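Welcome! Take a moment to turn the structure around on your screen before reading on. This report will then walk you through some of its parts.

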Amino acid sequence: MSDNLVEFIKERKQKLNAVIMAHYYQRPEIQDLADLVGDSLQLARDAAQAQADVIVFCGVSFMAESAKILNPEKLVVMPEPEAGCPMADMITADKLRKWKASHPEAKVVCYVNSSAEVKAESDICCTSSNAIQVVNSIPREYPILFVPDKNLGNFVALKTGRKIECWPGYCPTHQDVTAQEIQEMRARHPQAPVVVHPECRPEVIKLADEALSTGGILKYVEKSPAREFIIGTEAGLLHQLEKRFPDKVFHIAREEFLCPNMKLTTLENLAYVMDTLEHKVEVPEDIGIKAYHSLERMLNIS
Ligand code: SF4
């Protein structure tokens, strides 16, 4: 059954001149079928250069929206339109406008895990790969408002020494990891470095050897002489790690380290969307233009 679906998806991809993009948190079978697999930054770059007529985005809605904003003339579809991001939903454009009004001197840095409307209200976007670079690109005289992830914002403030006020948003999947779980994993695997995502709580980041984006974790493992690693991010990344480094061993920092929204994309709904081209991603033109500038500023500096 799944072999038939895979064959069908490949045939449709060719017929439609489509490209399938997938985030590292997608199910293994989706990652294996995708033409491009990456973190938010890599996928944004790839989307900006996409040559295909149709972009099939396997991820959550803010990522597919970014692909559409960067390719307004292309057809962008999502296999599962209900795949949202609870962190992105923790701020709205209206709330951001009010926050900005009380800090008129500040620049707004917006994590890409946000809606098109919020990006449109921001000065520049960032991902977890380039957040430090993005903040450092802003002249020091400007205070910074960071939305929506308080954990990433506080991490960047620590790394850059900049004054950053953070919106109190968070990723429920990464927020669930506790310092105690990290300590227990270290006790069980004392030889394994701990690498976590900066969406984790500050006390978890403090206990880790490194806090890196998903793309950064892959590079870290590639360079490290260690044979075993404790990985503090969504379990989908283990598929790439195990595929690329079959002689190394990876321990997930907590059981059930899963983003339910990322897992909504399946072979079945991917095949369906490629058959019907339903679930088109649309961004109103005025919002798309403003959000494009925030994304473009980011892509120009990293
Ligand atoms: S892992 Fe967290 S930030 Fe990423 S899509 Fe899921 S809920 Fe949103």
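## A buried threonine

Leaving out neighbours within four places in sequence, Thr233 is in contact with Tyr25, His174, His197, Thr214, Ile217, Ile252 and Phe257. Please keep in mind that you are looking at a predicted model. To find Thr233, look in the loop between strand 11 (228-232) and helix 13 (236-244).

Is Thr233 buried or exposed? Its relative accessible area is 0%, so Thr233 counts as buried, the cut-off for that word being under 20%. One of its contacts deserves a second look: the side chains of Thr233 and Tyr25 are joined by a polar contact of 2.7 Å.

## Around the ligand

Tyr25 turns up again here, as one of the residues that surround the ligand. Its companions in that shell are Val60, Cys85, Pro86, Met87, Asn113, Cys171, Glu199 and Cys259. Sorted by class, the shell has 7 nonpolar residues, 1 polar residue and 1 charged residue.

## A sheet of parallel strands

Now look for an open sheet of 4 strands, whose order is 6-5-7-8 and whose pairing is parallel. Strand 6 (124-126) and strand 8 (164-166) form the edges, each pairing on one side only. From one strand to the next, the twist averages 30 degrees. Helix 5 (residues 93-101) packs on this sheet and touches strand 5 (107-111), strand 7 and strand 8. The direction of helix 5 makes about 165 degrees with that of strand 7.

You can follow the pairing strand by strand. Strand 5 pairs with strand 6 over 3 bridges, in the parallel sense, and here Tyr111 stands opposite Cys126 of strand 6. Strand 5 also pairs with strand 7, again in the parallel sense, over 4 bridges, and Lys107 stands opposite Ile144 of strand 7. Strand 7 (residues 144-147) in turn runs parallel to strand 8, with 3 bridges joining the two; there, Phe146 has Cys166 as its bridge partner. How much of strand 5 is covered? Most of it: 4 of its 5 residues are buried.

## Two covered helices

Helix 4 (residues 61-70) is mostly covered, with 9 of its 10 residues buried. Those buried residues are Phe62, Met63, Ala64, Glu65, Ser66, Ala67, Lys68, Ile69 and Leu70. What covers them? The elements include strand 1 (18-23), helix 3 (40-48), strand 3 (54-58), strand 4 (75-77), helix 6 (116-120) and helix 15 (285-301).

Helix 3 has its own set of buried residues: Ser40, Leu41, Leu43, Ala44, Asp46 and Ala47. The cover over them includes strand 1, strand 2 (36-38), strand 3, helix 4 and helix 15. If you are wondering about the spacing of residues along a helix, here is a handy rule: an α-helix has 3.6 residues a turn, so residues three or four places apart point the same way.

## An arginine in a loop

Next, find Arg201 in the loop between strand 9 (194-196) and helix 11 (202-207). With a relative accessible area of 26%, Arg201 is partly exposed. Which residues does Arg201 contact, leaving aside neighbours within four places in sequence? They are Asn151, Gln175 and Val177.

With Gln175 there is also a polar pair to spot: a polar atom of the Arg201 side chain lies 2.7 Å from the backbone oxygen of Gln175. Try locating Tyr170 as well, which is 31 residues from Arg201 along the chain, while their C-alpha atoms are separated by 9.0 Å.

## Backbone details to look for

Three spots in the backbone make good targets for a closer view. A cis peptide bond joins Val147 and Pro148, with omega about -15 degrees. Pro148 has its place in the loop between strand 7 and helix 8 (150-160).

The other two spots have a positive phi in a residue other than glycine: for Asn17 phi is near 50 degrees, and for Glu256 phi is near 60 degrees. Asn17 is in the loop between helix 1 (2-16) and strand 1, and is partly exposed, with a relative accessible area of 37%. Glu256 lies in the loop between strand 12 (249-252) and helix 14 (267-276). Why does Glu256 count as exposed? Because its relative accessible area is 64%, and the word applies over 50%.

Key. Residues are numbered from 1 along each chain as its sequence is written. This is a predicted model: local features need pLDDT of at least 70, side-chain atom pairs count only at pLDDT 80 or more; totals for chains, interfaces and linings use all residues. Side-chain values use heavy atoms; hydrogens and water are left out. Two strands pair if DSSP finds at least two bridges between them. Axes are lines fitted to C-alpha atoms, for helices over the stretch in contact, and angles run from 0 to 180 degrees between N-to-C directions. Contact means heavy atoms within 4.5 Å. Buried means under 20% relative accessible area, exposed over 50%, partly exposed in between (1.4 Å probe, protein chains only). A polar contact is a pair of N or O atoms within 3.5 Å; within protein, one must be able to donate a hydrogen and the other to accept it, and residues adjacent in sequence count only if both atoms are side-chain atoms. A residue is near a molecule or strand if one of its heavy atoms lies within 4 Å of it. Ala, Val, Leu, Ile, Met, Phe, Trp, Tyr, Cys and Pro count as nonpolar, Asp, Glu, Lys and Arg as charged, and the others, Gly among them, as polar.
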